[in-house]
Amino acid sequence: MPTTPLHQAHLRLNARMTDFCGWTLPLTYGSQIEEHHAVRRDCGLFDISHMGSVDIGGKDARSYLRRLLANDVGKLQPGRALYGCMLGDDGGILDDLIAWDRGGHYRLVVNACTAEQALAWMRSRAAAWALDVAIAPRRDLAMLAVQGPAGPAVFTRALPDCLAAVRDLVPFQAADCGDRFVSRTGYTGEDGFEISLPAGLAEALWTRLLEAGATPCGLGARDTLRLEAGLRLYGQDMDADTTPAEAGLDWTVDRRGGRDFVGRAALEARVPRWQMLGLTLAAGGILRHGQRVRTAHGEGCVTSGSFSPTLQQSIALARLPPGVSAGDTVPVEIRGRQLAARVVKPPFVRQGRILV
């Protein structure tokens, strides 16, 4: 299985490694709960080098991406980004991604589990539309994420030469600092930065960030943090059979101006079968992916579920039929028992604040 440029650094920290989408990655360095709290209360550091970076260039790059993606890169200025979906012709989500305008060219950050399929789809669309586009996967890069309320302070202690470049960044804005591309983004619901840099420089930066006060965090904490923040995971909360509306992501679809994009006609013809809402379970079990939810409006299912270290109870994202509303109580089947869960509107936690 492939490993990231930081693999040996993880082993030296006695990380418990796991298989994620074919990559060998750290699950935890000790206590998943402590890593989770470190991000909510202080600063955590993640190796996210398994994510796929793809550079899009050529004279037709902008028009190509405006047609490829459901969100519209045409509204971006250099240094800004948007989150959105790449759809199939039937309106199903092939991947969710971030697209950056880098001034004359673009960078997409796609999911590790879908990177190869996404790349093949991008190339096939460019060929079918006969556009002048260069599509270059950047397998020479590593990516680190510094997340938490103390993240900006840790970042500037480790990289004081980047302070001027990042001081005024707002969410979904980025700047270059030497060989580093620094963006104010993340997958935890907390403040911080994601840093893309040449793979050969990653371990030195990892060490500097740890010395500056960051706590190393693995995939376990990353999953509970993103679930508390109401952030979707491809393959669980959405897939190629799910439309943006059914995943609670219709806000990422930009229909203004009559722009034609892949899947638009299908979206306009399809009636959403589900909606994405949250569940909280006071006691008696743990909500997990795949559990059935029975409602007066039909059956649904848990897509992502876990114990929330911040709320100290089990929470979930769930695919529920239209008609179910926040505030309802619904039974969830857990190990042969029907346990009552409260329907809520995610996110559960953002910027350290409990919202449900």
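**Exercise 1. Is Asn14 buried or exposed, and what is its relative accessibility?**

The structure is a predicted model, in which local features need pLDDT of at least 70 and side-chain atom pairs count only at pLDDT 80 or more, while totals for chains, interfaces and linings use all residues. Residues are numbered from 1 along each chain as its sequence is written, and side-chain values use heavy atoms, with hydrogens and water left out.

*Solution.* Step one is the scale: buried means under 20% relative accessible area, exposed over 50%, and partly exposed in between, with a 1.4 Å probe and protein chains only. Step two is the value: Asn14 has 64% relative accessibility and therefore counts as exposed. Step three is the location: Asn14 is found in the loop between helix H1 (7–12) and strand E1 (16–20). Helices (H or I, at least four residues) and strands (E, at least two) are DSSP runs, numbered from the N terminus. Step four is the backbone: phi of Asn14 is positive, near 60°, in a residue other than glycine.

**Exercise 2. Describe Cys21 in the same manner.**

*Solution.* Cys21 has its place in the loop between E1 and strand E2 (23–28). Its phi is positive, about 55°, although Cys21 is not a glycine. With a relative accessible area of 30%, Cys21 is partly exposed.

**Exercise 3. Analyse strand E18 and its hairpin with E19.**

*Solution.* Begin with the side chains of E18 (residues 329–334), which alternate. Val330, Val332 and Ile334 point to one face and are buried, whereas Thr329, Pro331 and Glu333 point to the other and are not. Next, consider the pairing, for which DSSP must find at least two bridges between two strands. E18 pairs with strand E19 (residues 337–344) in the antiparallel sense, over six bridges. Within this pairing, Glu333 has Gln338 of E19 as its bridge partner. Finally, two residues stand between the strands of the hairpin, where Arg335 takes a positive phi near 50°. Beyond E19, in the loop that leads to strand E20 (349–350), lies Pro347; the peptide bond from Pro346 to Pro347 is cis, with omega near 10°.

**Exercise 4. Establish the strand order of the open sheet that contains E9, and identify its edges.**

*Solution.* The sheet has six strands in the order E10-E11-E12-E9-E3-E13, with mixed pairing. Strand E10 (174–177) and strand E13 (215–216) each have a single partner strand and stand at the edges, so one side of each is left without a neighbour in the sheet. Within the sheet, strand E3 (residues 44–47) pairs with E9 in the antiparallel sense over four bridges, and Leu45 has Val146 of E9 as its bridge partner.

**Exercise 5. Characterise the aromatic pair of Phe155 and Phe193.**

*Solution.* Rings of Phe, Tyr and Trp (its six-membered ring) pair if their centres lie within 6.5 Å; planes under 30 degrees apart count as stacked, over 60 as edge-to-face and the rest as tilted. The whole structure holds four aromatic pairs. Phe155 and Phe193 form one that is tilted, at 4.6 Å centre to centre and with 35° between the planes. Phe155 lies in helix H5 (residues 151–158) and Phe193 in strand E12 (residues 192–198), so the pair ties together parts that are 38 residues apart in sequence. Both Phe155 and Phe193 are buried.
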